[in-house]
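Hi,

Here is the structure I promised to pass on. Have a look at it first, and then read on for my notes.

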Amino acid sequence: MAYDYVDDHRLLRIRDGQTRDITAFAGDMQAVDELGALSVELSFTVLTAPWDKYVERRIVQPGDRLRLVNHGATVFAGQVERVGLDGGVTAYDYGWYLNKSQLVLQITGMAADAAIRQVCGKAGVAVSALCPLPAKLTQLWTGDTPADILSDILEACAAETGKTYQYYVREDGLVVHPLPETAIRAWHKPAANLAAFDITWALGKVTGEDSIADLRNAVVIAAEADERAYTGAQASNAASIGRYGLLQHVEVVQSNPGTRGLEQLARRLLAQLDRVGHTRTVEELWGCDEVRSGVVLDFNSPAFGLVGRHRVQSVTHHYGGAGHTMALELTALDEPRAADEADTVHVPGLPASIPAGDGVTTGGTGGAAAFVSTAAGEVGYREGAGNQTKYGAWAGNNGAAWCVYFIGWCAAQAGAPIPTGYGYVGDMAAYFQRRGQYHTVASGYIPKAGDLMIQGTRHIGIVRSATRASVQTIEGNYADSVAAVTRYYSEITGFCTPWG
């Protein structure tokens, strides 16, 4: 581990069974690792001078095997894909093979881990580490790449378990595991006579932006009845208002969750909205081989707006020059409130709720923000032994799979126009399909906050936000808990749109 030694990265070329250290010939070397990309890309340049007989030619050729090692530990293992006349070299790790071949594969009632081993066997890639994958699959693939098949298999597993899986290929084979939520310690030892330090203590160039465009520091829960407007609850943060000015959000509901429900709704909605948005990229950071895409780092640099857990979306390792350095793109997993002062909440209450129609009991006709806020307030809740949860108990079916019961419970608490009596994902999807409030992923629809994310008939979640690349959700029964999750469209079947 980097805690114990000063970096000494060596680039080895393997050709015709012979290994040669070509570190002295490689300049501008870097490795790019992006979450969601199957392969790590290693690039560098070699000196070319075809007119000079003293400059060695063909130091690197397409098809050569490469290993980048640090004190004997393999950092990269792969194969050269192309070499330019200008000396530019591009290589990829062995995940490259999973994107190149095409397979014909049929499985019937096969366990997911066995299916993955079969795919890798056909692709000529070993399997190094597989996490438990309980799904059983029946499917036919004709002309698909191994990477596409693996993606389909893990999508089915994600739908059944509620976990997001990452996979990549090391020197000894394929690795599959759920995305981690626990931060690692990343060390760099700059010299033999100096102690190693945590890289998050010495940030390099930090870029990004902070924005209050979406910040709201006052919330009003309101309802209309008998041609009158009622205020059911108010919540605000005086420190945030003093700092940013009054930025108020009004959430209109037409059902009454009761005094306690109104208070919880106001508190949760304010806690969700009273935050300064921020994005961060860190460059010229000291390097650590253990930092790869998907890992979580814990920062404590308020001056740069980097506090709490951040997932590494991409990392570029630079070797040579000033030594081993990195550039990181980060996504915050823990976002602080806009101000530390306690919220003020006042709950005068609402009149009797307006019953929902069409024979299906729903939470009401409240807004999406309240629904999402209610769900966000549950993040971190964990089930007891035997699937025991307050959501299953509320639904009268404790001990069963509870992702749908979580949706119904949140709808009831927030007064959302979502059925509260279902326990099966297919029933929930069918309800919205009958009303024309369902969009498939293939339609290109980008979901909005409050939409329901559907994964076949096996799993469901609540959309917090979305881009064209990914969807941020809150999900019950994810790793036995309520969790904030990042989903990619390849994992999702479609979206229910309760608010039209």
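What percentage of the 500 residues of the protein chain count as buried? The figure is 47%. Please keep in mind that this is a predicted model, and that everything below was computed from it.

First, the overall picture. The protein chain has 8 helices and 30 strands. Along the principal axes, its C-alpha atoms fill a box of roughly 95 × 60 × 40 Å. If you take the contacts between residues at least 6 apart in sequence, 66% of them join residues at least 24 apart.

Next, the interior. The largest nonpolar core holds 43 residues, and the members that touch the most others are Phe371, Phe406 and Leu452. At least two residues of this core come from each of β17 (218–225), β18 (228–236), α4 (258–273), α5 (368–376), α7 (403–414), α8 (425–434), β26 (452–455) and β27 (459–466). Of these, α7 gives the most, with 9 residues. A separate core of 32 residues lies apart from this one, and its members include Ala123, Val125, Trp141 and Val169.

Leu452 is a good residue to click on. Setting aside neighbours within four places in sequence, Leu452 is in contact with Phe371, Ile407, Ile418, Met428, Phe432, Ile460, Gly461, Ile462, Gly494, Phe495, Cys496 and Pro498.

Helix α7 deserves its own paragraph. Of its 12 residues, 11 are buried: Cys403, Val404, Tyr405, Phe406, Ile407, Gly408, Trp409, Cys410, Ala411, Gln413 and Ala414. Does the length fit, or what would you expect for the span of α7 at 1.5 Å a residue? The 12 residues should span 16 Å, and the end C-alpha atoms are 17 Å apart, so the two agree. Just after α7 comes Gly415, with a positive phi of about 70 degrees.

Now to the strands, with β22 (residues 306–319) at the centre. This strand is mostly covered, with 10 of its 14 residues buried. Here are its partners:

- β3 (residues 26–34) pairs with β22 in the antiparallel sense over 6 bridges, and Val32 has Thr316 as its bridge partner in β22.
- β21 (residues 296–301) also runs antiparallel to β22, joined by 6 bridges; here Val296 is bridged to Arg311 of β22.
- β23 (residues 325–332) and β22 are antiparallel too, with 8 bridges, and Val315 finds its bridge partner in Leu328 of β23.

Two of these pairings are hairpins. Between β21 and β22 there are 4 residues, and in this hairpin Gly305 takes a positive phi near 70 degrees. The hairpin of β22 and β23 has 5 residues between the strands, and Gly320 in the turn has a positive phi of about 100 degrees.

Finally, a pocket you may want to look at. The second largest pocket contains about 550 Å³ of space. Which of its 21 lining residues are closest to the centre? They are Thr74, Val75, Phe76, Asp289 and Arg292. The elements that give two or more residues to this lining are β3, β6 (73–83), β11 (165–170) and β22. The largest share, 5 residues, comes from β6.

Happy browsing, and all the best!

Key: Residues numbered from 1 in each chain as written. Predicted model: local features only at pLDDT ≥ 70, side-chain atom pairs only at ≥ 80, totals over all residues. Heavy atoms only, no water. Core = buried A, V, L, I, M, F, W, Y, C linked by side-chain atoms within 4.5 Å. Buried < 20%, exposed > 50% of the residue type's maximum accessible area, 1.4 Å probe, protein only. Contact = heavy atoms within 4.5 Å. Pairing = 2+ DSSP bridges. Expected span 1.5 Å × (residues − 1). 1 Å grid on protein atoms, 1.4 Å probe; cavity = no way out; pocket = protein on both sides within 12 Å on 5 of 7 lines; lining within 4 Å. Points joined across faces, edges and corners; volume = space filled by probe spheres on them.
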